[in-house]
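Colleague: I am new to this structure and would like a close look at a single part of it. Could you pick one helix, walk me through it, and then show me how the rest is arranged around it?

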Amino acid sequence: MRAAVLQLPGSLRVIDAETPRPGRDEVLVRVKATGICSTDLMVYQGRQSAPLPIVPGHEAAGVVDVTGPEVVGFQEGDPVVVEASWGCEVCAMCRHGQEALCPDRVSQGRTRDGTFAEFVVAPTRALHLIPPELDFSLAQALISVACSVRAIRRGRPGFGERAAILGPGIAGLILSQLTGENGASHTTVFGTREWRLAMASSLGANDTVNVREDGWMERALSLTDGQGFDLVFETSGDPQALIDTFELVRTGGRIVVFSIYDGPVDGIPAQLLYRKEVSLVGVRGGGGGYPLAIDLVRSGKVLLDSLVTHRLPLEDAEEGFRMMERRDEGVQRIALLP
Ligand SMILES: [Zn+2]
Ligand SMILES: [Zn+2]
C-alpha cells in the first residue's frame, strides 16, 4: 500500500509499505479520506513527540476491507469512522470506563503508524458505522466533532449563558455550532483572521472579535455588560489566548482548555483562580463522544461542508502541511484522499 512516512521533522515521503493484517478482533479499513489536524502539524514540525519514522494522521473514515475471524458487527464494505486512539482495556482508567484517560492509549500517528495511508488496522471497539450518504471527506472530521462533544460535556453550557470560543479553526467552528444547541444564549468567537471570523458568523456565532484590533478586550467584555463570559473555550493553542481566557471569564465562570500546547505557558494570572473562583477544565480527545457526533452530523446540527475546504491526493500530504504552516487564506480542514 502507499503510505506517507515522516522520516524527520519536516520531511514526509510517500512510499510503498506493507499492508497491515488485522488481528482476531481487528478490522482492516481502506482509508477513503483522512484529515490533516493541527496535532498532525505539530508532529510534522517535531513539536509533539512521536517515534520516527512514523505514518502521521489520526482522523480517518473509510470502508471495511477485511475482518478478523472474531469480528462481529462489521462486514466488508461497511462505511466507518476510526477513532483517533483507543484504550488498553486493562488499566484502572479503562476498567472504570474512562478509556479516554488511559495512560497507555494507542494513538494513531503518535504512538503507532497512523492514517495517512491506503489502509489502517483498528480494533472493533474503535470503529463506528457511519451513514452511507455521508461523504468520506466530511466523515473524517467526525473525530473533531467527537472531541467537541467531549469539550461541551466538560464545559456544560447552561441555559441562557454567554459563551466565548477562542480560535475559529475547525474545532472552534464545530463548538460554535454546539454551544447554542446546548443552552448558551449568546456565543462570541475570537480570532485573528477576518475570513475565519466570517465563517464563524455564517455558522451561527452571535458576535465575533478580532484580537488584532485595538481595544478588543473592552469590546468583548462590553458584550457581557462588563461581567465576563460564563464559559470560555480555548481552542487556538496560542499561549497568549490561554492567558486572555482569565480576563474574559466572569467571576465564578469556567474555562475549558481544548488545545495542545508545546509546553508550559508562562504568564498565567494564577491569582485570578482565587479572586474569580474560576474553574479550569482540560479536555483530552473524543473518547465516548463518537455516537453523538455521528448523530449531530446526520441530523444537520453540525455542518461540516464549509469546514472541509481542500481535498488533496495522499502524494500532496506535505504540501497540505505547508499550506497550514503558511496559514494560507481559505484553508481550514484539508482532507487527504489516499
Ligand atoms: Zn485531530
Ligand atoms: Zn487503559
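**A close look at helix 5**

Modeller: Happy to. In helix 5, the buried residues are Ile170, Ala171, Gly172, Leu173, Ile174, Leu175, Ser176, Gln177 and Leu178. Please keep in mind that this is a predicted model. Nine of the nine residues of helix 5 are buried, so the helix is largely enclosed by the rest of the structure. Buried here means under 20% relative accessible area.

What is around it? Start with Ile174, which belongs to the largest nonpolar core, a set of 46 residues. Ile174 is among the members that touch the most other members, together with Leu142, Phe233, Val302, Leu304 and Leu307. Helix 5 (170-178) is one of the elements that give two or more residues to this core; the others are helix 3 (136-139), helix 4 (142-155), helix 6 (194-202), strand 13 (229-234) and helix 10 (290-298). Helix 4 supplies the largest share, eight residues. The core also reaches across domains, drawing at least three residues from each of domain 1 (2-141 + 304-337) and domain 2 (147-282). As a general point, nonpolar side chains in soluble globular proteins tend to be buried together.

Leu142, in helix 4, is a good place to see the packing of this core. Leaving aside neighbours within four places in sequence, Leu142 is in contact with Val81, Ile130, Leu134, Tyr290, Ala293, Ile294 and Val297. A second, separate core of 26 residues includes Leu6, Leu12, Leu41 and Phe321.

One of those contacts of Leu142, Ile130, leads us to helix 10, where Pro291 is found. Pro291 and Ile130 are 161 residues apart in sequence, yet their C-alpha atoms are 9.3 Å apart in space. Pro291 itself is partly exposed, with a relative accessible area of 49%.

Now follow the chain out of helix 4. Arg156 sits in the loop between helix 4 and strand 10 (162-166). Arg156 is exposed, at 55% relative accessible area, and has a positive phi of about 45° although it is not a glycine. Asp225 can be looked at alongside it, in the loop between helix 7 (216-222) and strand 13. Asp225 has a positive phi of about 55°, again without being a glycine, and counts as exposed at 61% relative accessibility. For background, most residues other than glycine have a negative phi, and most peptide bonds are trans.

Helix 7 also holds Trp216, and Trp216 is buried, with a relative accessible area of 14%. Not counting residues up to four places away in sequence, Trp216 touches Phe190, Val209, Asn210, Val211, Asp244 and Leu248. To get a feeling for distance, compare Trp216 with Pro123: they are 93 residues apart along the chain, and 47 Å separates their C-alpha atoms.

Next comes the metal site. The zinc ion (ligand 1) is coordinated by Cys37 (SG), His58 (NE2) and Glu59 (OE), at 2.0 to 2.4 Å. Along the sequence these donor residues are spaced C-x20-H-E. Cys37 lies in the loop between strand 3 (26-36) and helix 1 (38-44) and Glu59 in strand 4 (residues 59-67), so the pair ties together parts that are 22 residues apart in sequence. Cys37 and Glu59 are both buried. The loop between helix 1 and strand 4 contains Pro53, and the peptide bond from Leu52 to Pro53 is cis, with omega near 0°.

Finally, step back to the whole chain. The protein has 11 helices and 17 strands. Its radius of gyration is 20 Å, close to the 20 Å that the globule rule gives for 338 residues, so the protein is as compact as a globular protein of that length. Along the principal axes, the C-alpha trace spans about 60 × 40 × 35 Å. Of the 338 residues, 56% count as buried. Among contacts between residues at least 6 apart in sequence, 70% join residues at least 24 apart. The accessible surface comes to about 14800 Å², and 48% of it belongs to carbon and sulfur atoms.

Back at our starting point, then: helix 5 is largely enclosed by the rest of the structure, because nine of its nine residues are buried, and it gives two or more residues to the largest nonpolar core.

Key. Residues are numbered from 1 along each chain as its sequence is written. Chains are lettered from A and ligands numbered from 1 in the order in which they are written. This is a predicted model: local features need pLDDT of at least 70, side-chain atom pairs count only at pLDDT 80 or more; totals for chains, interfaces and linings use all residues. Side-chain values use heavy atoms; hydrogens and water are left out. A nonpolar core is a set of buried Ala, Val, Leu, Ile, Met, Phe, Trp, Tyr and Cys residues joined through side-chain atoms within 4.5 Å. Buried means under 20% relative accessible area, exposed over 50%, partly exposed in between (1.4 Å probe, protein chains only). Helices (H or I, at least four residues) and strands (E, at least two) are DSSP runs, numbered from the N terminus. Domain bounds come from an automatic or database domain assignment. Contact means heavy atoms within 4.5 Å. The radius of gyration is taken over C-alpha atoms; the globule rule is 2.2 Å times the number of residues to the power 0.38. Accessible areas come from the Shrake-Rupley method with a 1.4 Å probe; for residues, only the protein chains shown count as cover. Donors are N, O and S atoms within 2.8 Å of the metal (3.2 Å for Na, K and Ca); water is not among the atoms, so sites may look incomplete.
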